[in-house]
Amino acid sequence: MDETGNQSCHDEAAAFRWAASHVGPILRCDAISDRVQTIVTSRQLQFHSHTADADYAAVADVLEVSSSALVRVRQVHGREVLVLGPRDQAPPPGEVAADAIVSMNPRLVPSVRVADCVPILLADDRGRVVA
């Protein structure tokens with residue numbers, strides 16, 4: 001809990017939990033689940049070229065969204081940021097090379113594939129912007 005009594009993901013023990021799913025173990029952040037649904041997958045999903053579409057479809061299934069709404073970003077160790085505005089109608093085609101996504105669009109679902117870096121999720125209290 002922070003000084004105002006709000007729970008944040010800084011309270012690791014209270015905020016995060018591992019859950020079983022048909023894609024293997026997933027990590028969820030319950031502290032912000034009223035604003036944004038999150039999962040961190042394990043190594044069971046590899047996202048190799050021959051499995052990427054099926055792996056992204058499995059992620060969409062766990063989140064109960066259409067796979068066509070997933071925005072696919074591949075971490076590149078650079079400084080590129082993909083910004084999704086509220087009027088964007090569809091995700092960019094394919095997988096975008098970037099290191100961050102900022103979304104103000106509830107119709108699009110950001111996903112970031114990382115290898116050796118810790119993913120960081122930010123969500124504003126009103127649930128209008130995630131990064």
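**Entry 1: what covers helix α2**

I started with the cover over the buried residues of α2, and I found that it includes β2 (26-29), β3 (40-41), β4 (70-74), β6 (95-97) and β8 (109-113). A reminder to myself: this is a predicted model.

Next I looked up which residues of α2 are buried: they are A52, D55, Y56, A58, V59, A60, V62 and L63. I kept a general rule beside me here: an α-helix has 3.6 residues a turn, so residues three or four places apart point the same way.

Then I checked the length. Helix α2 covers residues 52-63, twelve residues, and its first and last C-alpha are 17 Å apart. That is close to the 16 Å expected at 1.5 Å a residue. Just after α2 comes E64, and I noted that its phi is positive, near 60°.

**Entry 2: the cores**

Which residues have the most contacts inside the largest nonpolar core? I found V23, I26, I39 and V59, in a core of 16 residues. Helix α2 gives the most to this core, with seven residues. Another core lies apart from it, with eight residues, including V71, L82, V96 and A98. My textbook thought for the day is that nonpolar side chains in soluble globular proteins tend to be buried together.

I picked I26 for a closer look. Leaving out residues up to four places away in sequence, I26 touches R17, W18, A19, S21, I39, V40, T41 and V62.

**Entry 3: the sheet**

I moved on to the open sheet, which has three strands in the order β6-β4-β8, paired in parallel. Why is one side of β6 and of β8 left without a neighbour in the sheet? Both stand at the edges with a single partner strand each, so that side has nothing to pair with in the sheet. From one strand to the next, I read an average twist of 30°.

I also followed one pairing in detail. β4 and β6 run parallel and are joined over three bridges; among the partners, R74 has A97 in β6. Back to my helix: α2 packs on this sheet and touches β4, β6 and β8, with its direction at about 130° to that of β4.

**Entry 4: the aromatic pair**

How many aromatic pairs does the structure hold? I found one. The ring centres of F47 and Y56 are 4.7 Å apart and their planes stand at 55°, so the pair counts as tilted. I asked whether F47 and Y56 are buried or exposed; both are buried.

Key. Residues numbered from 1 in each chain as written. Predicted model: local features only at pLDDT ≥ 70, side-chain atom pairs only at ≥ 80, totals over all residues. Heavy atoms only, no water. Helix = DSSP H or I, 4+ residues; strand = E, 2+ residues; numbered from the N terminus. Expected span 1.5 Å × (residues − 1). Buried < 20%, exposed > 50% of the residue type's maximum accessible area, 1.4 Å probe, protein only. Contact = heavy atoms within 4.5 Å. Core = buried A, V, L, I, M, F, W, Y, C linked by side-chain atoms within 4.5 Å. Pairing = 2+ DSSP bridges. Axes fitted to C-alpha atoms, helices over the stretch in contact; angles between N-to-C directions. Phe/Tyr/Trp six-rings, centres within 6.5 Å; stacked < 30°, edge-to-face > 60°.
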